[in-house]
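Please find below my comments on the structure under discussion. They are set out as numbered points, for reading beside the sequence and the coordinates.

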Amino acid sequence: MADAPLSKPQIQLVNDQLFLLEDAKSSLSAQAAFEAYKNNEFTKNIQNKISFGFTQSTIWAVLPFENASEIPVQNVIKIDNAWLDNVELYFFTAGALVSQVSIGDNVPFTQRLRQERMPSAAFEFPMGTSHVLFRFNSEDPVTIPIYLGSERAMLSSFAENAYFYGALYGGLLILLIYNLALFFYIRELRYLLYPIYLLAFTAFNFTYTGHGFWLVWSESVTTQQWMMPGLMFCYLFSAVMFTIGFLNTRTFLPTLYGYRHLIYVSLLIIAGLIFLSGNRSLIIMIQLIMLTSLSVWMVLVGCLAFKNNDPIAKFFIPAIIMGTGGATFSSFVTWGIIPYSQWAFRGIEVGMLLEMSLLSISLGFNFKLAQEARIRAESNALHDPLTDLYNRRAFSKLVSPSWELGKRNNTPMSIMLMDLDWFKRINDQFGHAMGDKVLQSVAKIIKSRTRDSDIALRWGGEEFLLFLPNTSSKQASQLAEALRTQIEKIDLNNIGSVTMSIGVVSATPDQIDLDKLITLADEALYSAKEQGRNTVAVMSDHKLTANI
């Protein structure tokens, strides 16, 4: 029979088993603190308190450990918070201090027995009752989630954390590269502000989770202690710049856009003043307040932009709610306002990953809108809005490919240049609105008689041009006559007969260039006008013939 699979090893959050004492003067020694515990001066942590917020006091905690087995038990204690300045553990067996470990941020990694990202210590608990005395003191918020478990359980937890942060940083890196690529392609400021915002968050997160101290500046305690408040401000500043630049504030929130430089300068002044104080606890406290306020401000700006019909705001609002909501949860846990849980404590990371993903989608959506707008603009630039035919500007772009193809295949090409007769009389007697209706009616007839390969243009005023690839002179003249006859039947509010003079010219591209062919079509049209109008004049082999 096969062995049953081993259950997954677990680590246990043991804060509810702690006894706590707040030393306001930070005057107790470890031995004195332990004596105070034995004299019942500590309070049982029945509320499972984990966060103490900003405090100048030293927090003492005692964890009793009962080993009921007959052999020593090796366990690991981990404090799941990478930013605490002073963390000291004292191990008491039979009332005597047998071991002491310092593992806070004030201790470089090379001086720690266990060089792991989160401060931890291993101890072999003998049979009977032992006590672990903790001493916590920090200028940062004092949040002390304490976990206990076997070495195997800690390794399993470490692997889970590695997968989580690998996915987090991998996802953020992909989003960063993707949006930088968009910026270099589009060269639009919002596509640069977003990667800056993304990079600022990633750097800040890399620091406060302890990865920076663990992997990069493991010897520099000063760097670790000041990097977090510095990068937190960079994150806050980039978030404000991103909000103003990402939303179309210039169009939809012009007042905010006008004050943007004042906002940026004000933030820099505030940062300068609080950093000059040199009080790291004050700096981080103010920045956490700003972080919570920023959450509200970004959502408010997004709502105002949405109210003013900014299309990108519909993505921005839920994205920011996710990101800043997660940051707010983490901030509230740090302050001790809401109960600790791992997901709430790591809420900023989950929220920001969701936020960044949705913002990237919104940037992709904005890129799609921009591309569609560009295509519409290009299309509008090539179209006559009145007749919905191509305009003169579109001629070279549309005709050149067909002309070159005809040159390779030596196929005949025809151009038909058309001009409405006595059109000024229609405008003068019946008004320009009626003249527009005539032009629209003519355009409708032209479109109804052309093939998909033909290119019909409003050449200017009351002139139209029809380019006919792979069309002989005879075919072109037959089409011209059919158009002339059909246009003559137009009847709009008894304005009288609408007539058109048409010049037709045909040639193969190896005989003549395109510009010369247009010139000949114009000469043919002039000939049709001279022959009494309402006429098709065909130029073939440089000779004019008239069909009346």
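1. Leaving aside its neighbours within four places in sequence, with which residues is Arg114 in contact? In this predicted model, the contacts of Arg114 beyond those neighbours are Val76, Ser120, Ala121, Ala122 and Glu151. Arg114 itself is placed in the loop between β7 (96-102) and β8. Arg114 counts as buried because its relative accessibility is 15%, and the cut-off for that class is under 20%.

2. The side chain of Arg114 takes part in two interactions that deserve inspection. One is a polar contact with the side chain of Glu116, at 2.9 Å. Another, of 3.1 Å, links the side chain of Arg114 to that of Ser120. Ser120 also appears among the residues that Arg114 contacts beyond four places in sequence.

3. Confidence should be considered before any detail is used. The chain has a mean pLDDT of 85, with 93% of its residues at 70 or more. Over residues 1-7, however, the pLDDT is below 50, and this stretch has two contacts in the model beyond near neighbours in sequence. Residues 542-548 likewise stay under 50 in pLDDT, while the model gives them 16 contacts beyond four places in sequence. Where pLDDT is low, predicted coordinates should not be read in detail.

4. One open sheet is built from four strands in the order β1-β10-β5-β8, with antiparallel pairing. Its edge strands are β1 (12-13) and β8 (120-125), each of which pairs on one side only. Strand β1 pairs with β10 (residues 146-149) over two bridges, in the antiparallel sense. Within this part of the sheet, Gln12 stands opposite Leu148 of β10. Helix α2 (residues 151-186) lies across β5 (73-79) and β10, and runs at about 30° to β5.

5. Another open sheet has six strands, ordered β3-β2-β4-β9-β6-β7, and its pairing is antiparallel. Strands β3 (43-44) and β7 stand at the edges; each has a single partner strand, so one side of each is left without a neighbour in the sheet. Strands β2 and β3 run antiparallel and are joined by two bridges. There, Phe19 stands opposite Lys44 in β3. Helix α1 lies across β2, β4 (58-67), β6 (86-93), β7 and β9 (128-137), and its direction is at about 120° to β9.

6. Which residues of helix α14 are buried, and which are exposed? In α14 (residues 423-430), Phe423, Ile426 and Asn427 are buried. These three lie on the same side of α14 because they cover an arc of only 95° around the axis. On the other side of α14, Lys424, Asp428 and Gln429 are exposed. The cover over the buried residues of α14 includes β12 (413-420) and α15 (432-449).

7. The residues flanking α14 call for a check of the backbone. Trp422, in the loop between β12 and α14, has a phi near 55°, which is a positive value in a residue other than glycine. Trp422 counts as exposed because its relative accessibility is 53%, where the class requires over 50%. Just after α14, Gly431 takes a positive phi of about 95°.

8. Ser26 is another residue other than glycine with a positive phi, in this case near 50°. Ser26 lies in the loop between β2 (19-23) and α1 (30-38). With a relative accessible area of 29%, Ser26 is partly exposed.

9. Is His211 buried or exposed? His211, which is placed in helix α4 (residues 211-215), is buried, with a relative accessible area of 7%. A polar contact of 2.7 Å joins its side chain to that of Thr209. Leaving aside neighbours within four places in sequence, His211 is in contact with Arg117, Tyr165, Tyr169, Phe206 and Val216.

Conventions:
Residues numbered from 1 in each chain as written. Predicted model: local features only at pLDDT ≥ 70, side-chain atom pairs only at ≥ 80, totals over all residues. Heavy atoms only, no water. pLDDT = per-residue confidence, 0-100. Contact = heavy atoms within 4.5 Å. Pairing = 2+ DSSP bridges. Axes fitted to C-alpha atoms, helices over the stretch in contact; angles between N-to-C directions. Buried < 20%, exposed > 50% of the residue type's maximum accessible area, 1.4 Å probe, protein only. Arc of directions from axis to C-beta. Polar contact = N/O pair within 3.5 Å; in protein donor to acceptor, adjacent residues only side chain to side chain.
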